Amino acid sequence: QLQLVESGGGLVQPGGSLRLSCTASGDTLDNYIVGWFRQLPGKEREGVAWISKRGNYTPYADSVKGRSTISRDNAKNTVSLEMDSLTPEDTGVYYCAADPGRNGPINMLEPYMQRYIEVWGQGTQVTVSS
């Protein structure tokens, strides 16, 4: 009965930073692998980053590697994505998603694996523009 709600999206200038938050209810988020995804205009949804249950493994897509950080705050039952050096190419709808990983590890950067992720948030719009 896990539910996810994204927040923190909005308008930011090129070169700026944004922190997106994924807040869970109905279950504790440290029981789940959690990922951030985005859908850019006219393109398929793609994985941005994800974090393991223990928080010790955090792979990133090449497009955001080095300028993004995914982290857990278990006390707040949230997973956040901090993005720096934003460009207009980062404009799109950002989603968080969670999966219990009952069948073993799931690589959320692999597009095919998205179909197996159990819980998705509603998305939050990020617009990078002057």
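**Asking why about a predicted model**

Student: Why does Ile70 count as buried?

Tutor: In this predicted model, Ile70 has a relative accessibility of 4%. The cut-off for buried is under 20%, and 4% falls below that, so Ile70 counts as buried.

Student: Where is Ile70, and which residues does it touch?

Tutor: Ile70 sits in strand E6, residues 68–73. Skip the residues up to four places away in sequence, and Ile70 touches Val34, Trp36, Ala49, Trp50, Ile51, Thr58, Tyr60, Val79, Ser80 and Leu81.

Student: How do you know that Ile70 and Gly9 aren't in that kind of contact? What separates them?

Tutor: Let's stick with the C-alpha atoms. Those of Ile70 and Gly9 are 15 Å apart, and the two residues are 61 residues apart along the chain. Gly9 is also not in the list of residues that Ile70 touches.

Student: Leu81 is on the Ile70 list. What makes Leu81 buried?

Tutor: The relative accessibility of Leu81 is 0%. Buried means under 20%, so Leu81 passes. Leu81 is in strand E7, and beyond its neighbours within four places in sequence its contacts include Leu18, Leu20, Trp36, Val48 and Ile70.

Student: Which residues touch the most other members of the largest nonpolar core?

Tutor: Leu2, Leu4, Leu29, Trp36, Ile70 and Leu81 do, in a core of 28 residues. Strands giving two or more residues to this core include E3 (18–25), E4 (33–39) and E7 (78–83). E3 gives the most, with four residues. There is also a second, separate core of seven residues, with Ile33, Trp50, Ala97 and Ile117 among them. As background, nonpolar side chains in soluble globular proteins tend to be buried together.

Student: Arg38 is a charged residue. Why is Arg38 called buried?

Tutor: Same test! Its relative accessible area is 3%, under the 20% cut-off, so Arg38 is buried. Arg38 lies in strand E4.

Student: What makes the pairing of Arg38 with Glu46 a polar contact, and what about Arg38 with Tyr94?

Tutor: The side chains of Arg38 and Glu46 are joined at 2.9 Å, and those of Arg38 and Tyr94 at 3.0 Å. The distance limit is 3.5 Å, so 2.9 Å and 3.0 Å are within it.

Student: How do you know that the lining of the largest pocket is mixed? How many residues of each kind are there?

Tutor: The lining divides into five nonpolar, three polar and three charged residues. Lining residues include Asp99, Arg102, Asn103, Ile106 and Tyr116. Asp and Arg count as charged, so Asp99 and Arg102 go in that group, while Ile106 and Tyr116 are nonpolar and Asn103 is polar. The volume of this pocket is about 200 Å³.

Student: What makes the phi of Asn77 worth a look?

Tutor: Most residues other than glycine have a negative phi. Asn77 is not a glycine, yet its phi is positive, near 55 degrees. Ser85, also not a glycine, has a positive phi of about 50 degrees.

Student: Are Asn77 and Ser85 buried or exposed, and where are they?

Tutor: Asn77 is in the loop between E6 and E7. Its relative accessible area is 17%, which is under 20%, so Asn77 is buried. Ser85 is in the loop between E7 and E8. At 44%, Ser85 is neither under 20% nor over 50%, so it counts as partly exposed.

Definitions and conventions: Residues numbered from 1 in each chain as written. Predicted model: local features only at pLDDT ≥ 70, side-chain atom pairs only at ≥ 80, totals over all residues. Heavy atoms only, no water. Core = buried A, V, L, I, M, F, W, Y, C linked by side-chain atoms within 4.5 Å. Buried < 20%, exposed > 50% of the residue type's maximum accessible area, 1.4 Å probe, protein only. 1 Å grid on protein atoms, 1.4 Å probe; cavity = no way out; pocket = protein on both sides within 12 Å on 5 of 7 lines; lining within 4 Å. Points joined across faces, edges and corners; volume = space filled by probe spheres on them. Polar contact = N/O pair within 3.5 Å; in protein donor to acceptor, adjacent residues only side chain to side chain. Contact = heavy atoms within 4.5 Å.
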